[in-house]
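Let's take a walk through this structure together, going from its surface to the spaces inside. Please keep the sequence and the 3D view side by side as you read.

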Amino acid sequence: MNVTINNKHFIWINFIWFQAIWFAAVLYTDQALPILVMSLCAHFLLSPSKKADLFTLLAITLVGSLADYLLTFLGIFIFPKESFIPLWLVLLWAHFSLTLNHSMRWLTQVPVYIQITFGAIFGTLSYYAGAKLGAVTLNENLLLSLFSISMIWASLLPVYVSIGSQNRIRYDEKTTVKELQT
């Protein structure tokens, strides 16, 4: 079954979808795994840019998971019972990656310093909110934790945006140059 949705509609669907998935993952952690897997499958049934999304998912899930592992290894994040990072967090990275070709695509149109600022603020707020909701424990030195997360997100969000953009150009034969400019 190959169902696709218009790009403009999918932007809004993707935005709302990711917010719902973020809350499900953070509130239910391991219990959300079936929902997270089914959600990824549903995305690929509906996405207007399946191939670009797949390659973006593979790259960003790997990089994001490794960044979170580094923060865990350094003691910035604490996940009891985990030797790497929890699977729900890896799947959340997969979902985040899918926003870059859709609801967060607008980031390709702003200067890098805006991407850096956006990553530093909103990436950090996302982890802080996750900690407040009990999904992760931050280092007892909260300023160190928030600063570390901020620096990682400030550094990596422009990379993520570039990966998404390059994959759209390279793999999504339906995307035209005009669509990339909107």
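Start on the outside of this predicted model, where Phe-23, Leu-27, Tyr-28 and Leu-133 make a nonpolar surface patch of about 410 Å². One of these four residues, Leu-27, belongs to helix 1, which covers residues 7-28. Is Leu-27 buried, partly exposed or exposed? Its relative accessibility is 45%, so Leu-27 counts as partly exposed; the buried class ends under 20% and the exposed class begins over 50%.

Stay on helix 1 and look for Trp-22, another residue of this helix. Trp-22 has a relative accessible area of 10% and is therefore buried, whereas Leu-27 is partly exposed. To get a feeling for distances here, trace the chain from Trp-22 to Lys-50: the two are 28 residues apart in sequence, and their C-alpha atoms lie 21 Å apart in space.

Trp-22 also leads us to the next topic, the empty space. Rolling a probe the size of a water molecule over the atoms shows where such space is left. The largest pocket has a volume of about 710 Å³. Its lining counts 31 residues, and those closest to the pocket centre are Phe-18, Trp-22, Phe-96, Phe-122 and Ser-126. Which helices each supply at least two residues of this lining? They are helix 1, helix 4 (87-99), helix 5 (112-132) and helix 6 (142-171). Helix 5 gives the most, with nine residues. As for the chemistry of the pocket lining, 24 of its residues are nonpolar and seven are polar, while none is charged.

Now turn from the pocket to the cavities, the spaces from which the probe cannot get out. How many cavities of 30 Å³ or more does a search of the whole structure find? There are two. The largest cavity holds about 60 Å³ of space, and its lining is made by Asn-14, Trp-17, Phe-18, His-43, His-95, Leu-98 and Thr-99. You have met Phe-18 before, as one of the residues closest to the centre of the largest pocket. Helix 1 and helix 4 each give at least two residues to the lining of this cavity. By class, the lining has three nonpolar and four polar residues, with no charged ones.

The second largest cavity contains about 30 Å³ of space. Around it you will find Ala-67, Asp-68, Leu-71, Trp-93, Tyr-127, Ile-152, Trp-153 and Tyr-160. Helix 3 (50-73) and helix 6 are the elements that give two or more residues to this lining. Seven of the lining residues are nonpolar, none is polar and one is charged.

With the spaces in view, let's visit a few single residues. Thr-29 sits in the loop between helix 1 and helix 2 (33-46). What stands out in the backbone of Thr-29 is a positive phi of about 40 degrees, although the residue is not a glycine.

Next, find Gly-119 in helix 5, the helix that gives the most to the lining of the largest pocket. Gly-119 counts as buried because its relative accessibility is 1%. From Gly-119 you can move 10 residues along the chain to Ala-129; the C-alpha atoms of this pair are separated by 15 Å.

For a loop residue, look at Leu-107, which is placed between helix 4 and helix 5. Is Leu-107 buried or exposed? Its relative accessible area is 0%, so Leu-107 is buried. Leu-156 comes 49 residues away from Leu-107 in sequence, with a C-alpha to C-alpha distance of 13 Å.

Our last stop is Leu-142, a residue of helix 6. Leu-142 is partly exposed, because its relative accessible area is 35%. The C-alpha atoms of Leu-142 and Tyr-128 are separated by 9.4 Å, and the two residues are 14 apart along the chain. Seen together, the stops on this walk include a buried residue in a loop, Leu-107, and a partly exposed residue in a helix, Leu-142.

How values were computed: Residues numbered from 1 in each chain as written. Predicted model: local features only at pLDDT ≥ 70, side-chain atom pairs only at ≥ 80, totals over all residues. Heavy atoms only, no water. Patch = residues over 30% accessible without salt bridge, like charges linked within 9 Å, V, L, I, M, F, W, Y side chains within 5 Å. Areas by Shrake-Rupley, 256 points an atom, 1.4 Å probe, with all protein chains shown as cover. Salt bridge = Lys/Arg side-chain N within 4 Å of Asp/Glu carboxyl O. Helix = DSSP H or I, 4+ residues; strand = E, 2+ residues; numbered from the N terminus. Buried < 20%, exposed > 50% of the residue type's maximum accessible area, 1.4 Å probe, protein only. 1 Å grid on protein atoms, 1.4 Å probe; cavity = no way out; pocket = protein on both sides within 12 Å on 5 of 7 lines; lining within 4 Å. Points joined across faces, edges and corners; volume = space filled by probe spheres on them. Nonpolar A, V, L, I, M, F, W, Y, C, P; charged D, E, K, R; others polar.
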